Amino acid sequence: MMLRPCLLALSVVLCVSARAQSLLPPESVTLDSLAAFKSPGANWQLGGGLGGDPRREKTLRALPGAGVLVNNPTAAAKADLFTAWEHSDLELDLDFLMPLGSNSGVYLMGRYEVQLFDSWGVKAPAFSDCGGIYQRWDEARGDGQKGYEGTAPRANASRAPGLWQHLHVQFQAPRFDAAGKKIRNARFTRVVLNGFVVQENVEVTGPTRASPFTDEKPLGPLMIQGDHGSVALREIRYKRFDPDTRVAVENLTYRLFAGESRQLGEFDSRPATREGVPTSFAADAVEKTGRYTLTFHSRLIVPRDGAYAFTADGAEPVRVAVDGQVVVDALEQGGLPGSIHLTKGNHVMRVDFLHMSSRAPVFQVALEGPGIAPQVLTSSRMRARDSNLPQLLIAPTERVRLQRGFVPFDPKKRLYAINVGSPSGTHFAYDFETGSILRVWRGNFLDMFEMWDGRGENQISKPAGPALTLNAKPSVALLERSAHDWPDAPEALWSSDGYTLEPDGQPVFLARLSSLTIRDRIAVDADGRSLTRTLTLGGRNTDWQTWVLLAEGRSITPQTSGQGFIVGDREFYLDLPLDSAVKPFVRTRNGRQQLVLPVAANALTKPIVYTLVW
């Protein structure tokens, strides 16, 4: 099999993203009725969406229809909501929305809470903030000690009230022996809030506070807290795993072909340099140095019929075949995930590894099956390339800090960009080629490990806090006709003139577009909750029309307050000053909505001011 750079010319970035995603679909809670729940209280209802202004109102208004689960507790109706099904180990995904000041929670097995809370703007989050693992409670412990344990999120990844947020939870249930005695505590292996890991490997010794259960069992329902505050949920998806069911690998042998090779399978018809039984299922169990091709052969024993998804990770090519069928195709680094339907019983598995460098040989093969949690088959766990790396943090202290560097941005990193950090803890990345705000984030500023460690091979500066990614389209463009779509690439007549610095280090970006001049000031507001942009155009218009792109999304709708717009599916707010003379409008191009502003010649000197809130 010839090696192909990331298979069919996919970029390495896309391949790494695909590798991180499971190929086995989850189950979904169908929200066209409340049949998935046990005896839902009157505080729970279904809606087709949300009306009103949850950014400012404390009660949610459900629109007619289905698909969104809405809780509005009252003194008379404030029941918690339990699923009709129970679970042990669980992987859970859901979207939630908190109105102003609201409080709720998701209880795994009805006992262990991940807190949902309107924590927007909190500088130092506690266990009681969104994404926290709530504390336990014991009245017998005495004053000041009744609350114990509880784990704060690593950072405040919360969005503003009225915006949809995403929660991902990987949970392991407690374990019990044959006599029913607990032998291992429950554990949150990972909690991800809005794409940021806020919890990892957190052990919980018993039910957290406000759980309706005081005991622990092998199974329990998923519970949504209903008595504290309003909350909306949608897209509830889950995978239930049987903790006692695993796949086995037996009769492991290897064949090693010494020497340089450019493709897997090249040596199959030749005698092996060495073969035998390895001490373990790992590359370094066979050979320490040199270049070679290594194949492992084994019997794979699966416990039940169904679809099985395989992944392979490594710094060099890895391929996996089952019963002669290639499931994981080799990439320049690791392999492209794949799935196969297997029957219960024995199967033949082959793993090929191509060691072509002086690096330490290491790879990892894992699978997931029907009701079978992701399981690493190889015996040496390798560190994933894109997670758990050491951090090398830099932070702004008394003034705004600027840091040049390659900015990671799908589908490719931005080479001419800069990161701007504020002492308030809110930061952004700016692209000189398009004059666009690439992303905004809060918390820590930058992780420079991949820029400065060793030779800085990847040369990227990563945001070190929870981020909202925007788009890289030009902020200012020349359109021959108003019907034309917005350009994706940098404008040919655009050139950056760098930036000037204000006394506190605040940059003002300068650029030219044909005969136009652009002055672009992007500054964090005093409370760190928003970012205000002031665009000032000068010079003269060309024969083509000058336009400014304020935002783009699947949908853009006016805020009920009249203050501005809601961008995307309640992803962020774009506010306009109350006395703003700017009158942008929404247009649709190729299935996307764009908030745009045509700039007339007599309006070139009037600043365009708007604020991003997320």
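**Exercise 1. In the hairpin of β46 and β47, work out which residue takes a positive phi and how the two strands are joined.**

Step 1. In this predicted model, the hairpin of β46 and β47 has two residues between the strands, and Asn-590 takes a positive phi near 50 degrees there.

Step 2. Turning to the pairing, β46 is joined by five bridges to strand β47 (residues 592–599), and the two run antiparallel.

Step 3. One partner pair can be named: Thr-588 has Gln-593 in β47 as its bridge partner.

**Exercise 2. Describe the aromatic pair that Trp-547 and Phe-585 form, and decide for each ring whether the residue is buried or partly exposed.**

Step 1. A pair of aromatic rings is described by the distance of the centres and the angle of the planes.

Step 2. For Trp-547 and Phe-585 the centres are 5.9 Å apart and the planes stand at 70 degrees, an edge-to-face pair.

Step 3. Trp-547 lies in strand β42 (residues 545–553) and Phe-585 in strand β46 (residues 585–589), so the pair links distant parts of the chain, 38 residues apart.

Step 4. Trp-547, with a relative accessible area of 4%, is buried, whereas Phe-585 counts as partly exposed at 35%.

**Exercise 3. Determine how Phe-82 and Phe-213 are arranged, and what parts of the chain their pair ties together.**

Step 1. The count of aromatic pairs comes to 15, and in the pair of Phe-82 and Phe-213 the ring centres are 6.3 Å apart with the planes at 75 degrees; because planes over 60 degrees apart count as edge-to-face, this pair is edge-to-face.

Step 2. Phe-82 belongs to strand β5 (residues 81–87), while Phe-213 is in the loop between β15 (196–204) and β16 (220–224), so the contact ties together parts that are 131 residues apart in sequence.

Step 3. Buried means under 20% relative accessible area, so Phe-82 with 18% is buried, and Phe-213 with 27% is partly exposed.

Step 4. The ring of Phe-213 also has a charge over it, since the charged end of Arg-111 sits 4.2 Å from the ring centre. A further example of a charge over a ring is Arg-234, whose charged end sits over the ring of Trp-164, 4.0 Å from its centre.

Step 5. Elsewhere, Phe-281, Phe-296, Phe-353 and Phe-363 are linked into a cluster by ring pairs.

**Exercise 4. Give the strand order of the open sheet that contains β34, and explain which strands stand at the edges.**

Step 1. The sheet has three strands in the order β29-β34-β35, with antiparallel pairing.

Step 2. β29 (393–394) and β35 (462–463) each have a single partner strand, and therefore one side of each is left without a neighbour in the sheet; these are the edges.

Step 3. β29 pairs with β34 (residues 446–447) over two bridges, and Ile-394 stands opposite Leu-446 in β34.

**Exercise 5. Judge whether the radius of gyration of the chain agrees or disagrees with that of a compact globule, and describe the chain as a whole.**

Step 1. For 614 residues a compact globule would have a radius of gyration near 25 Å, and the chain has 27 Å, which agrees.

Step 2. The C-alpha trace spans about 80 × 70 × 45 Å along its principal axes, and the chain contains two helices and 48 strands.

Step 3. Of the 614 residues, 52% count as buried, while the chain exposes about 26900 Å², with carbon and sulfur atoms supplying 50% of that area.

Step 4. Among contacts with a separation of 6 or more, residues 24 or more positions apart account for 64%.

Key:
Residues numbered from 1 in each chain as written. Predicted model: local features only at pLDDT ≥ 70, side-chain atom pairs only at ≥ 80, totals over all residues. Heavy atoms only, no water. Pairing = 2+ DSSP bridges. Helix = DSSP H or I, 4+ residues; strand = E, 2+ residues; numbered from the N terminus. Phe/Tyr/Trp six-rings, centres within 6.5 Å; stacked < 30°, edge-to-face > 60°. Buried < 20%, exposed > 50% of the residue type's maximum accessible area, 1.4 Å probe, protein only. Lys NZ or Arg CZ within 6 Å of the ring centre and 35° of its normal. Rg over C-alpha atoms; globule rule 2.2 N^0.38 Å. Contact = heavy atoms within 4.5 Å. Areas by Shrake-Rupley, 256 points an atom, 1.4 Å probe, with all protein chains shown as cover.
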